[in-house]
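Let's walk through this structure together, starting with a term we will need and then moving from the whole fold to single residues. Please keep the viewer open as you read.

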Amino acid sequence: MNYQILKNIIDTELKKFQLISEEEWIYKKSPEKWSKKEIIGHLCDSAFTNIRRFVVTQYKENENIIYDQNAWVKAQNYQNVPIGELINLWKALNYQIVHIVENIPDEALQRTCDTTKTETQVFTLEFIIKDYVEHLQHHLESI
C-alpha cells in the first residue's frame, strides 16, 4: 500500500476540520447516532485497534484482535472531550499508522489476523491495511 495516500488523507482532513464549528461537532441527529465528535473518537479507537493489528500480525499469526465500537465510544465519552484534543489524538495515531505501514516488510503483508468476534475469519495484513483506509474514508465523508 502506498502510505503516502493515508498521509494525504490526514493532511487534507485536518484542514477541513478547522472549518467545522463546535456546535457542528457536538450535534446528534438522534440519541443513538454518533455526533461528528464521536465519529472522530471512533476513528481514534479504530486506529488504536489497527495499530495493534498492524504490529502484532507481523510476528504472530492469526491473533484474534477485535473491536467493539459502540462499547469503546460509550466508555470513552467522546462527546465530552474537547474537540482539539480529539483531533490531535486522531492526527498522532494516524501518523503513527503511516510510520508503521511504511516499515512493514513486504513478506509480512501476507500474514494473517483474526478480526472477528464469533466464527474465526482471518484476513491478510495487506487486506486489513486497505480496509482501514476505506473505513477511515467512509467515516470522514460523513463528517
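Two residues are in contact here when they have heavy atoms within 4.5 Å of each other. With that in hand, take isoleucine 9: setting aside neighbours within four places in sequence, this residue is in contact with Val133, Leu136, Gln137 and Leu140. Isoleucine 9 belongs to helix α1. Is isoleucine 9 buried or exposed? Its relative accessibility is 11%, and because buried means under 20%, isoleucine 9 counts as buried. A residue to contrast with those partners is glycine 84, which lies 75 residues from isoleucine 9 along the chain, with the two C-alpha atoms separated by 18 Å.

Now let's step back to the whole chain, bearing in mind that this is a predicted model. The secondary structure comes to six helices and three strands. Reading along the sequence, you will meet them in the pattern α-α-α-β-α-α-β-β-α. The C-alpha trace spans about 45 × 35 × 20 Å along its principal axes. How does the radius of gyration fit with a compact globule? For 143 residues, such a globule would have a value near 15 Å, and the protein has 16 Å, which agrees.

The contacts and surface add to this overall view. Among contacts between residues at least 6 apart in sequence, 73% join residues at least 24 apart. Buried residues make up 43% of the 143 residues. The protein exposes about 8,300 Å², and carbon and sulfur atoms supply 50% of that area.

Helix α1 is a good place to look at packing. This helix covers residues 3-17, and helix α5 covers residues 83-102; the two pack at an angle of about 170°, with their axes 9 Å apart. That angle makes α1 roughly antiparallel to α5, because angles over 145 degrees count as roughly antiparallel. Which residues of α1 and α5 meet? From α1 come Tyr3, Leu6, Lys7, Ile10, Asp11, Glu13, Leu14 and Phe17, and they meet Ile87, Trp90, Lys91, Asn94, Tyr95, Ile97, Val98, Val101 and Glu102 in α5. Sorted by class, this contact has 11 nonpolar, one polar and five charged residues.

If you follow the chain onward from α1, you come to leucine 19, which lies in the loop between α1 and α2 (22-26). Leucine 19 has a relative accessible area of 72%, so this residue is exposed. Lysine 7, one of the α1 residues that meet α5, is 12 residues from leucine 19 along the chain, and their C-alpha atoms are separated by 20 Å.

Next, find isoleucine 51 in helix α3. At 17% relative accessibility, isoleucine 51 counts as buried. What does isoleucine 51 touch, not counting residues up to four places away in sequence? The answer is Leu93, Gln96, Ile97 and Ile100. Ile97 is also among the α5 residues that meet α1. By contrast, glutamate 23 is 28 residues from isoleucine 51 in sequence and 31 Å away in space, C-alpha to C-alpha.

Another residue to visit is isoleucine 65, in the loop between β1 and α4. Isoleucine 65 has a relative accessible area of 2%, so this loop residue is buried. Not counting residues up to four places away in sequence, isoleucine 65 touches Thr49, Arg52, Arg53, Val56, Cys113, Asp114 and Thr115. Asparagine 103 is 38 residues from isoleucine 65 along the chain, and the C-alpha atoms of the pair are separated by 21 Å.

Finally, let's turn to the backbone. Most residues other than glycine have a negative phi. Where does asparagine 62 sit? Asparagine 62 is found in the loop between α3 (36-56) and β1 (63-64), and its phi is near 60°, a positive value in a residue other than glycine. At 38% relative accessibility, asparagine 62 counts as partly exposed. Asparagine 77 has a positive phi of about 50°, although it is not a glycine. You will find asparagine 77 in the loop between α4 (69-76) and α5. Asparagine 77 is partly exposed, with a relative accessible area of 39%.

How values were computed:
Residues are numbered from 1 along each chain as its sequence is written. This is a predicted model: local features need pLDDT of at least 70, side-chain atom pairs count only at pLDDT 80 or more; totals for chains, interfaces and linings use all residues. Side-chain values use heavy atoms; hydrogens and water are left out. Axes are lines fitted to C-alpha atoms, for helices over the stretch in contact, and angles run from 0 to 180 degrees between N-to-C directions. Helices (H or I, at least four residues) and strands (E, at least two) are DSSP runs, numbered from the N terminus. Angles under 35 degrees count as roughly parallel, over 145 as roughly antiparallel, 65 to 115 as roughly perpendicular and the rest as oblique. Ala, Val, Leu, Ile, Met, Phe, Trp, Tyr, Cys and Pro count as nonpolar, Asp, Glu, Lys and Arg as charged, and the others, Gly among them, as polar. The radius of gyration is taken over C-alpha atoms; the globule rule is 2.2 Å times the number of residues to the power 0.38. Buried means under 20% relative accessible area, exposed over 50%, partly exposed in between (1.4 Å probe, protein chains only). Accessible areas come from the Shrake-Rupley method with a 1.4 Å probe; for residues, only the protein chains shown count as cover.
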